[in-house]
Amino acid sequence: MFCRDCTAAVDHCHGTLVIHSSGLAECTEPGCIDIEYVRHYLVLDCSEVTGGCQCVAEMELRQAS
């Protein structure tokens, strides 16, 4: 299997960019430090992550108070 963008030397990342409720973003690809949206083909809200995310639980607690 090959990646067309790798072959063409296009700046991109193979990881998934996860956007947290605080607005912070992190990538699932180890070593990825450039978290620009355009570099990532898949961008998810952290509430969509299987198993959930700690910040979603914290936000729900704040809203319940």
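Which residue forms a salt bridge with D11, and how far apart are the closest N and O atoms? The partner is R39, and the closest N and O atoms of the pair are 3.0 Å apart. Let's take a walk through this predicted model, beginning with its confidence and then coming back to that pair.

**Confidence**

The mean pLDDT of the protein is 87, and 86% of the residues score at least 70. Strand β1, residues 13-19, has the highest confidence, with a mean of 95. At the other end is helix α2, residues 54-64, where confidence is lowest, at a mean of 68. Please keep that contrast in mind while you look around, as β1 will come up again below.

**The salt-bridge network**

The structure holds two salt bridges, and here they are side by side.

| Salt bridge | N to O distance |
|---|---|
| R39 with D11 | 3.0 Å |
| R39 with D34 | 3.8 Å |

The bridge between R39 and D11 links distant parts of the chain, with the two positions 28 residues apart in numbering. R39 sits in the loop between β2 and β3, while D11 belongs to the loop between α1 and β1. Through shared partners, the salt bridges join D11, D34 and R39 into one network.

How do the members of this network compare in burial? R39 counts as buried because its relative accessible area, 12%, is under 20%. D11, in contrast, counts as exposed because its 52% relative accessibility is over 50%. D34 has a relative accessible area of 31%, so this residue is partly exposed.

**The nonpolar core and C13**

Now for the interior. Five residues, C13, L17, I19, C27 and C32, make up the largest nonpolar core. Strand β1 gives the most to this core, with three residues.

C13 is a good place to pause. This cysteine is found in strand β1, and is buried, with a relative accessible area of 5%. Which residues does C13 touch, leaving aside its neighbours within four places in sequence? The contacts are C27, E29, C32, R39, H40 and Y41. Among them are C27 and C32, which also belong to the core, and R39, which takes part in the salt bridge with D11. Another useful spacing is the one between C13 and I33: they are 20 residues apart along the chain, and their C-alpha atoms are separated by 9.9 Å.

**On the surface**

Moving outward, Y37, V38 and V43 make a nonpolar surface patch of about 320 Å². Y37 is located in the loop between β2 (25-27) and β3 (40-45), and R39 lies in the loop between β2 and β3 as well. With a relative accessibility of 49%, Y37 counts as partly exposed, since the exposed class needs over 50%.

One backbone detail is worth a look too. A9 is a residue other than glycine with a positive phi, near 60 degrees. A9 lies in the loop between α1 (4-7) and β1, the loop that also holds D11. A9 is exposed, with a relative accessible area of 71%.

Key. Residues numbered from 1 in each chain as written. Predicted model: local features only at pLDDT ≥ 70, side-chain atom pairs only at ≥ 80, totals over all residues. Heavy atoms only, no water. pLDDT = per-residue confidence, 0-100. Helix = DSSP H or I, 4+ residues; strand = E, 2+ residues; numbered from the N terminus. Core = buried A, V, L, I, M, F, W, Y, C linked by side-chain atoms within 4.5 Å. Buried < 20%, exposed > 50% of the residue type's maximum accessible area, 1.4 Å probe, protein only. Contact = heavy atoms within 4.5 Å. Patch = residues over 30% accessible without salt bridge, like charges linked within 9 Å, V, L, I, M, F, W, Y side chains within 5 Å. Areas by Shrake-Rupley, 256 points an atom, 1.4 Å probe, with all protein chains shown as cover. Salt bridge = Lys/Arg side-chain N within 4 Å of Asp/Glu carboxyl O.
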